[in-house]
Amino acid sequence: MRSTLAAAIAYVTIAAATVASAEPPAGAAACSGCHPSSARVQSPVVRLVGRDRAEIVKAMQDFRSGARAGTVMDRIAKGFTDAEIQAIAAWYAAQR
Amino acid sequence: MKATRRHFLELSVAAAATVALGPRRARAQASGPRVVVVGGGFAGASCARALRQADPRIAVMLVEPNATFTACPFSNAVIGGLRELSAQRFTYERVAADGITIARTTATAVDAQGKSVTLADGARLPYDRLVLAPGIDIKWGALPGYDEAAAGQMPHAWRAGEQTLLLRRQLEGMDDGGLVVISAPANPFRCPPGPYERASLIAHFLKTKKPKSKLIVLDAKDAFSKQRLFQAAWAELYPGLLEWVPLSKGGNVTSVHAATSTLVTDFGKHQAKVANVIPPQKAGRIAEAAGVADRSGWCPIDPVTFESKLQAGIHVIGDAAIAGAMPKSAFAANSQAKVCAAAVATLVAGGTPSVPKLINTCYSLVAPDYGISVAGVYQPTGGQLADVPGSGGVSPSDAPREARKAEAVLAEAWFRTITTEAFG
Ligand SMILES: Cc1cc2nc3c(=O)[nH]c(=O)nc-3n(C[C@H](O)[C@H](O)[C@H](O)COP(=O)(O)OP(=O)(O)OC[C@H]3O[C@@H](n4cnc5c(N)ncnc54)[C@H](O)[C@@H]3O)c2cc1C
């Protein structure tokens, strides 16, 4: 039992590490032009690194539909499909 | 000078050692693929860092002659007296700390078949893949009368640094009531909204400091980026002060005379107290030397990998590249750099790069507290980078003043973010 659990934990850890270092999905690398990847930057634009995946998805969908207003995100969100948004959100959620 | 010389020597020794190793080189360097990046601007510095992040086994060498990079975005605010040039300057210490070898010198030639870059001292750097990110060069001679000596009288200030300060000093030294003339080039050129942001911030300076003066923009085009937003703001903020003369109304400058500060158009002459000539441009000259520039002076690329369509193994990013619908901006340069780095990392590992999506956003200040933007999302379509249908566009024309204020704040935040990603 013990060793199974340890192995499971090790597996999960490795899987998370793999996801975190994986190549960013299409479009994800461009977000950090405004959403700082470095914690040292002072910006009103929030960091996406480590954010809840569902929150990112909802915000993007709302910007795209017009349910949420923005200065620029509405124009950007309209360039992404649901599948792309899901992939970008998952990738950022897994980043540390 | 001392530091420069030391770096130079270190590099020469390293390069000589690599060359001298000859056949043993392959084993000596078996630790990882070698990628050389030429140019440490927004494109090159971002790409070098993204390469190290994508795969730390890649040995990245960045070739850049300047110890300090001087950024163009927000340099119009320096010209308008709203900001100091020191806020535009960035060093490469943190780039080097990422494990990137920096060769502080100029690349002078490329052997695309032999896969090596020649440096100013004659040393050769072998590479597995090369990324060229040299930005722009001025096309001296394309505008009769405008050569390097003329730029000392009529600054272009289209590469930031001494030219930026010269234009600012000329404006500060001008008597109230003087005529300032900006000449804007035909497409394509670095930063499509740049001449109009500059006109705005010079108008702001004149309005507050020398209100009897006048500013004329002579344009080689009939339309420009964010035109309706700029013109609406000019009518509101600078009525009677700023006049834009399009191509069809005689805006095309056909020659200049630096000694008399005169700009000649098809329709007449303008004698300026201060003249800012934004001349025709081309890719940085190493692009031509490497055989990656076409007859337009710019570099055709594959939109998935940014590999040159003219030379295998050489990628071109930033202002030098022909990036379809993407403008020549620092934002685009950074966005392209990250896509190119991912593609190069995949290619040197023997994989197939995936199809990218890119973003651009250019903020412009019409006044210190009045910002507007143009945004776009791009994907490869028919061999070119094209707009994703339905995405992007400019700030709404009916936005309240609060939104303009917010965009001015966001513009500055963008500058901090992008310069930290590239240099910080
Ligand atoms: C007035 C003005 C305002 C602007 N405002 C904005 C803005 O608000 N937002 C925005 O996104 N963009 C803006 N831009 C555009 C932006 O500055 C450029 O698009 C951006 O700098 C392009 O990046 P790059 O890396 O291609 O070139 P650069 O940043 O110019 O970098 C090129 C580098 O390559 C080096 N180099 C060249 N040749 C060689 C060689 N042979 N060997 C070694 N090194 C070499 C140079 O020294 C330089 O450091 C503005 C431009 C101007 C002029």
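**Two cavities and a ligand**

Start with the second largest cavity: its lining splits into two nonpolar residues, five polar and one charged (charged means Asp, Glu, Lys and Arg; nonpolar means Ala, Val, Leu, Ile, Met, Phe, Trp, Tyr, Cys and Pro; the rest, Gly included, are polar). You're looking at a predicted model, where local features need pLDDT of at least 70, side-chain atom pairs need 80 or more, and totals for chains, interfaces and linings use all residues. Residues count from 1 along each chain, chains are lettered from A and ligands numbered from 1 as written, and side-chain values use heavy atoms, without hydrogens or water.

That cavity (grid points 1 Å apart where a 1.4 Å probe fits but can't get out, lined by residues with an atom within 4 Å of a point) holds about 30 Å³ of space. Both chains line it: Ser32(A), Pro36(A), Ser37(A), Ser38(A) and Val41(A), plus Thr417(B), Thr420(B) and Glu421(B).

Now hop over to the largest cavity, with a volume of about 40 Å³. Its lining includes Asp319(B), Lys328(B) and Gln336(B), and breaks down into six nonpolar, three polar and two charged residues.

On to the ligand. Among the residues that come nearest are Ala43(B), Glu64(B) and Asp319(B). One ligand oxygen contact is at 2.6 Å, to an N or O atom in the side chain of Glu64(B); for Ala43(B), a polar backbone atom is 2.8 Å from a ligand oxygen. Taken alone the ligand exposes 1,000 Å² (Shrake-Rupley, 1.4 Å probe), and the protein buries 93% of that. The shell around the ligand has 19 nonpolar, eleven polar and five charged residues.

Key:
Near = heavy atom within 4 Å. Polar contact = N/O pair within 3.5 Å; in protein donor to acceptor, adjacent residues only side chain to side chain. 1 Å grid on protein atoms, 1.4 Å probe; cavity = no way out; pocket = protein on both sides within 12 Å on 5 of 7 lines; lining within 4 Å. Points joined across faces, edges and corners; volume = space filled by probe spheres on them.
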